[in-house]
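This briefing sets out the architecture, interfaces and selected residues of the assembly shown below. It is intended to be read alongside the sequence and the coordinates.

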Amino acid sequence: MAPFSPTATPPLLRIADLRKSYGQTRVLHGVDLDVARGEVVTIIGPSGSGKTTLLRCVNFLETYDQGSIAIDGREVGYRDGAARKLRSERDLARMRAETGMVFQSFNLFPHLTAAQNIMLGLTKVRRMGSAEARAKALHWLARVGLADKADRLPSELSGGQQQRVGIARAVAMEPKILLLDEITSALDPELVGEVLDVVLSLAADGMTMLVVTHEIGFARDASHRIVFMADGVVNAEGPPAEIFGPDQTSERLRGFLARFSRAHRL
Amino acid sequence: MLAQITYAIPFLIPGLLVTLEVSVITVVIATAIGVLLGVGLIYGPAPLRWVIRGFSDIIRGIPILVLLFFVYYGLPLTGLNLQPFAAAVLGLIVFKVAQVIENVRGAIGSIPKGQMDAAKSIGLPFPERLAYVIAPQALRRFLPPWLNGVTDAVKGSALISLLGVGDLMFDIQKVVGRTYSPLTLYCFGAFLYFLINYALSLGSRALERRFSYIRD
Amino acid sequence: MGYHLNFTLIWRNFDKLWSGLILSLELALLSIVIGCVIGLALAALYVSGGRVVRALIAAYVEVVRNVPLLLLVYLVFYGLPTVVNIAYGNTTSFVVTLSAYAGAYLVEVFRSGLEAVPRGLSDAGKSIGLTPWQRLIHVRLPTMLRIVLPALSNTFVSLFKDTSVASVIAVPELTYGAQWINFNTFRIMEVYLVVTGMYLVTGYAILIGLRMLERRYAIGR
């Protein structure tokens, strides 16, 4: 991926000193992360590092205890102002409509067809008429290569196909930022490629993305910037060349990558 | 033997109608209340959840007969004097409500957690999440056990004969008392109950097949 | 409400409730044991039998499961003695009824339990030279029993509650005791509060006890 030249405008997503605990267990210890408009940032790291929790905080599927997450300057979970008041349900719903998420276990609505899965958000949240929504849904299904599966139920689709519908469902809402949570981890290896191809083409079109993944190859080829998390904080970050390059200074990261390539050597 | 049955039939019809009537009223009202309380059990604030949970556990932990006696003999003491029919139906409704709450809990609880996440992530507010994502899936999981419960309601209704309500069981007892042919009449009565419930269970199996395309 | 709760009459007659509770437990225990024998035997017959056998067993199960227990109690107590030359007391009659009732439910439990035993275990038994009978006794049945343990505990608690129906033929179990106190002292609220408590506590205790047994022996789903 060509190096990214951030514009002078403020970042689309700004995470500052984010902290979160589950009961007594500290998961996030003060994470700082910016994502600029049009940037693809990939988070890698060992399990338990807090990557998925971080992602789920961005669209407030998880609450956060301290720090801030702002999209285009607006705090995600809490109202503007000094007092830390939780946003109302309607407000949160509106914030979530600005982000799109694709899940590891697809989470397609099983009682709706592929097209209807995409149309649900368009009709109920974007308030489109059903004809317009269907046209859009078909457009995005074609974009992910599944135009002929529009009226199929998720149970009739393969894992890779379901995940592509999941991507279409998220992208059709035209979110400001796309959150991808280990979207290929639950797929059979031969189906991973078709999903990653879709993601790559979306990135090429300028979609802003925050990706959590185990696919180191994807991280290297598709990201503008890679963030390595360990123990609930950002341990290292930089463009792929730097992260995977020989001058990488972080011991933790080097160890992680070494274990990774050992595991993948057959 | 056949003569005894044909003699008895006209005397059993009123009771049969009462049994059907009681069953329908019980199931309809109890389902409406039970679904509301079940949703409150899953999505309500903590105190409400505890009350509903406590209610459901207590009612399901005692025999139906004890509940019926409690309602029948106890209610007048609170100043509410109901006819035996109304008291009996009230008791049956309370029992069925607890069952329906459990059905709802099981149905919604078996929906994968990711569904709520996905519904949230496309920006749906809570009422729309329930209406368009949770409810359709819950309904399909709710129907089979609920339909099984309907046969339980019909069977439980036989106990109201002990409170003097003139249902099918009550009429059977009356005819037996007059004709002294208990075995024939009880067998015939069993046949009638069996017809009602077997038809219901066939219906439930058909429904289960129709909704089975949702892969769990 | 001019009713004041007064439990003294209840405690004075508590022996009726206590002995009633014990009897209820005994009835439930007897019924589940006999019911298990019936259920196991019929389940084994079902899986190995021909179409006629299966139809008969299915008919038995369907009839018992779709007819009110109350009716079955009357049928056995009042109806059977007119054709079969048996004279039995109300308690015996009730045990017969409840056992047959339990048996019908348990046939299903054991049949699906037997089917849930993984084929691999039978194959392993075959490969060390066990005969079909030996495989049944030493491999499949023990495994099946552990699989069905949760269903068995639930059935036992259900049966315990079902013993209340015995009160209609004057079997002196817990509900009968409650009604006796009700009619003789008019302390309706008190007696039913106490009896409700007794059913709840006992049911809960049974469940907890059986869960502990399950934890040691059951094979989880």
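**Structural briefing**

T151(B) is buried, its relative accessible area being 9%. This residue belongs to helix 6 of chain B, which covers residues 126–157. The model is a predicted one. In it, two pairs of chains are in contact, and the pair formed by chains B and C shares the most contacts. Chain A and chain C do not touch.

**Local setting of T151(B)**

- T151(B) counts as buried because its relative accessible area of 9% falls under the 20% cut-off.
- When neighbours within four places in sequence are left aside, the contacts of T151(B) are N197(B) and L200(B).

**Fold and surface of chain C**

- Chain C contains nine helices and zero strands, giving the pattern α-α-α-α-α-α-α-α-α along the sequence.
- The C-alpha trace of chain C extends over about 75 × 45 × 25 Å along its principal axes.
- Chain C has 221 residues, of which 45% are classed as buried.
- Among the contacts in chain C with a separation of 6 or more, 80% join residues that are 24 or more positions apart.
- Chain C exposes an accessible surface of about 11100 Å², and carbon and sulfur atoms contribute 66% of that surface.
- The charged side chains of chain C number 17 positive and 10 negative, with a distance of 9 Å between the centres of the two sets.

**V33(C) in helix 2**

- Helix 2 of chain C, residues 14–48, includes V33(C).
- V33(C) is classed as partly exposed because its relative accessibility of 47% lies between the 20% and 50% limits.
- V33(C) and G103(C) are 70 residues apart along the chain, and their C-alpha atoms are 9.2 Å apart.

**Nonpolar cores**

- In soluble globular proteins, nonpolar side chains tend to be buried together.
- The largest nonpolar core comprises 101 residues, and L17(C) and L71(C) have the most contacts inside it.
- Helix 5 of chain C (residues 90–115) supplies the largest share of this core, namely ten residues.
- A separate core of 83 residues lies apart from it, with V192(A), A203(A), M209(A) and V133(B) among its members.
- Beyond its neighbours within four places in sequence, L17(C) is in contact with I10(C), L174(C), G177(C), A178(C), I181(C), V194(C), V195(C) and M198(C).

**Interface between chains B and C**

- The size of an interface is often given as the accessible area lost when the parts come together.
- Chains B and C together bury about 3000 Å², with 78% of this area on carbon and sulfur atoms.
- On the chain B side, F70(B), L77(B) and K155(B) provide 20% of the area buried against chain C, more than any other three residues.
- Chain B contributes 33 residues to its contact with chain C, which in turn contributes 36 residues.

**Interface between chains B and A**

- Chains B and A together bury about 2000 Å², and 63% of this area is on carbon and sulfur atoms.
- The residues of chain B that lose the most area to chain A are S121(B), I122(B) and Y132(B), which together account for 28% of what that side buries.
- The contact involves 23 residues from chain B and 24 residues from chain A.
- No such contact links chain A to chain C, whose nearest C-alpha atoms are 22 Å apart.

**Helix 1 of chain A**

- Helix 1 of chain A (residues 51–58) is mostly covered, with seven of its eight residues buried.
- The buried residues in this helix are K51(A), T53(A), L54(A), L55(A), R56(A), C57(A) and V58(A).
- F60(A), just after helix 1 of chain A, adopts a positive phi of about 55°.

**Further positive phi values in chain A**

- R127(A) is not a glycine, yet its phi is positive at about 60°.
- R127(A) sits in the loop between helix 3 (114–124) and helix 4 (130–143) of chain A.
- R127(A) is classed as exposed because its relative accessible area of 64% is over 50%.
- E174(A), also not a glycine, has a positive phi of about 50°.
- The loop that holds E174(A) lies between helix 5 (159–172) and strand 7 (177–181) of chain A.

Conventions: Residues are numbered from 1 along each chain as its sequence is written. Chains are lettered from A and ligands numbered from 1 in the order in which they are written. Side-chain values use heavy atoms; hydrogens and water are left out. Buried means under 20% relative accessible area, exposed over 50%, partly exposed in between (1.4 Å probe, protein chains only). Helices (H or I, at least four residues) and strands (E, at least two) are DSSP runs, numbered from the N terminus. Contact means heavy atoms within 4.5 Å. Accessible areas come from the Shrake-Rupley method with a 1.4 Å probe; for residues, only the protein chains shown count as cover. Lys and Arg count as positive and Asp and Glu as negative; His and the chain ends are not counted. The place of a charge is taken as NZ of Lys, CZ of Arg, CG of Asp or CD of Glu. A nonpolar core is a set of buried Ala, Val, Leu, Ile, Met, Phe, Trp, Tyr and Cys residues joined through side-chain atoms within 4.5 Å. Buried area is the accessible area (1.4 Å probe) that two parts lose on being put together, summed over both.
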